[in-house]
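Q: I should like a close look at a single loop in this model and at the elements around it. Please treat the backbone before the wider setting.

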Protein chains: 2
Amino acid sequence: MRGMNDITHPANSPLGRPGDAPTLGMLLAMVRSEMVRAIEAEMSNQGLDLSFTQYLIIKKAQQLGAMSATELARAVELDGGAMTRQLDQLERKGLLRRSPHAQDRRALRIELTEAGHTAWQNTASVCSQRVMNAAQASLSRTEQSQLHDYLERVLYTLRDKT
Amino acid sequence: MRGMNDITHPANSPLGRPGDAPTLGMLLAMVRSEMVRAIEAEMSNQGLDLSFTQYLIIKKAQQLGAMSATELARAVELDGGAMTRQLDQLERKGLLRRSPHAQDRRALRIELTEAGHTAWQNTASVCSQRVMNAAQASLSRTEQSQLHDYLERVLYTLRDKT
DNA sequence: GGCATATATTTGTCTTGACAAATATATTTC
DNA sequence: GAAATATATTTGTCAAGACAAATATATGCC
C-alpha cells in the first residue's frame, strides 16, 4: 500500500504500530495471545501436541485429581459442550480417561492416565514454566506480584460494578 | 455434584474458585473477557449493537481516518478474511463505507459514515470510557501506569525471547 | 412412591477467526 | 515492456467455543 493516508508507521513505535500506545484491552489481548502461542510452540518443540485449552485441562486434572467433567469445565472456564469435545480428543490421545462416577450415574470421573501424568510432569509443566519465567524476566519479584494484584483488583471491580 | 472430590470450594476464595490463585494467563483471559462483556453490554444498553471487534474497528477508523482494509486489519490485529466479513456487517449497519482507492485499484478506502461517527462519539466511546473508568477505579494513577508498563514489558519480552 | 425440578453429559447449530486458494492489480527485474 | 513477484481483497474451509435442545439421572416435595 502506498499513498492515501501515509500516517502509517511514521517512525514505528516499539510495538510496531503507529501513534498512540495500545489500550489496556489491546495489551491484555496481545500478552495473552503471545503467551498462548509461546507455550504451544514450546510444547510442540518437545513433541507434545496440545492446544492451550488442552494444556489447561491437563493442568487442572493433574492439580485437582479426579473430578467430573462439569467441575473441570468450571475450573478452566470452558463451556460444557466444548469440554465434551476436548475430552474426546484428550482421550483419543491417551492422556486421560472417562470412567463412570461411583455415586452419580449422570456424571463422569475424569482422570489422567499414566501417559497424561507423564506428559504433564515431563513436558507441559516444564514448557509453561520456561515461558512464564522468560515472560516475567523483565519484572522484579515485587513487580510480578503487583501485576498480579492489579489484575485481580481490576477483575473484581469489573465483576462487581458493571 | 456431590462427593468424590469435595476439595471443591473449601471456603471460596474471592475469585469463586478453589485453592490456588489464578495464574497470570488465566487472569489475563478473565480480565479481558470481563472487559469485553462489559463494553458490549454497555453499548447494547445504549441501543448500539456492536461486537467488541466491531467496536475496535470503528474506533480505529475514527482515530486514523480513511485507510485500506489491510491497514485497518493490522491496526486491530485481525485477519484479512475476517476483516472483509466484519466490513460487510458494518456496511450493512450503515456505519462505514467502502470506496475504491484512488491510486491503487486493488485496494479500498474504508471510511466512517456520518452515522458511524455519531455512533462512535455519542455512544461507543462513552461506553468504553465508562467501563474503563469503572475497571480501573480500584487503581491509583500510579498503579494504572505501572500496570500498563508491566504488561508492555512482558509483551516485548515474550515477542523477543520466545 | 410419584411428580416437578435441577443437574451432567452429549449433540446440533451458529458465529468467529485463522489459514489457504483464487483473482485482480502493482511493482520490480531483466 | 514482459515476466516474475508481491500485495489487496474476497471466498472457502476448518476448528473452537457459546448456546440451546435432548437424554439420563438425581433430588426435593407432597
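A: A helix here is a DSSP run of class H or I with at least four residues, and helices are numbered from the N terminus. The model is a predicted one.

With those labels, B:E77 is placed in the loop between α3 and α4 (80-92) of chain B. Its backbone is notable: phi of B:E77 is near 55°, a positive value in a residue that is not glycine. Most residues other than glycine have a negative phi. B:E77 counts as partly exposed because it has 13 C-beta neighbours inside 10 Å, where buried would require 20 or more and exposed 12 or fewer.

Chain A has a counterpart. A:E77 lies in the loop between α3 (69-75) and α4 (80-92) of chain A, and phi of A:E77 is likewise near 55°. A:E77 also has 13 C-beta neighbours inside 10 Å and therefore counts as partly exposed.

The relation between the chains gives the context for this pairing. A turn of 180° with a shift of 0.0 Å along the axis lays chain B on chain A with an RMSD of 0.0 Å. The two copies are thus related as by a two-fold rotation axis. Both copies use the same surface, since 100% of the contact residues of chain B recur in chain A.

The helices that flank the loop also supply residues to the DNA surfaces. Near DNA strand D, α4 of chain A and both α3 and α4 of chain B each supply at least two residues, and α4(B) has the largest share, four residues. Of the 22 residues around DNA strand D, those that come nearest are A:D79, A:G81, A:R105, B:T70 and B:G81. By class, this surface has seven nonpolar, nine polar and six charged residues.

Near DNA strand C, α3 and α4 of chain A and α4 of chain B each supply at least two residues. Here α4(A) gives the most, with four residues. There are 23 residues around DNA strand C, of which A:T70, A:G81, B:D79, B:G81 and B:R105 come nearest. The classes on this surface are seven nonpolar, nine polar and seven charged residues.

The contact between the protein chains takes 58 residues from chain A and 58 residues from chain B. On the side of chain B, the elements giving two or more residues are α1 (24-45), α3 (69-75), α5 (114-136) and α6 (141-161); α3(B), which borders the loop of B:E77, is thus one of the contributors. α6(B) gives the most to this side, with 15 residues, and the side as a whole has 31 nonpolar, 15 polar and twelve charged residues.

One of these contributors, α5(B), also packs within its own chain against α2 (residues 52-64), at an angle of about 110° and with the axes 10 Å apart. That angle makes α2(B) roughly perpendicular to α5(B). α2(B) brings B:Y55, B:I58, B:K59 and B:Q62 to the contact, and α5(B) brings B:G116, B:H117, B:A119, B:W120 and B:A124. By class, this helix pair has five nonpolar, three polar and one charged residues in contact.

Key. Residues are numbered from 1 along each chain as its sequence is written. Chains are lettered from A and ligands numbered from 1 in the order in which they are written. This is a predicted model: local features need pLDDT of at least 70, side-chain atom pairs count only at pLDDT 80 or more; totals for chains, interfaces and linings use all residues. Two residues are in contact if their C-beta atoms, placed from the backbone, lie within 7 Å. Ala, Val, Leu, Ile, Met, Phe, Trp, Tyr, Cys and Pro count as nonpolar, Asp, Glu, Lys and Arg as charged, and the others, Gly among them, as polar. Axes are lines fitted to C-alpha atoms, for helices over the stretch in contact, and angles run from 0 to 180 degrees between N-to-C directions. Angles under 35 degrees count as roughly parallel, over 145 as roughly antiparallel, 65 to 115 as roughly perpendicular and the rest as oblique. A residue is near a molecule or strand if its C-beta atom, placed from the backbone, lies within 6 Å of it. Copies are superposed by least squares on the C-alpha atoms of residues with pLDDT of at least 70 in both.
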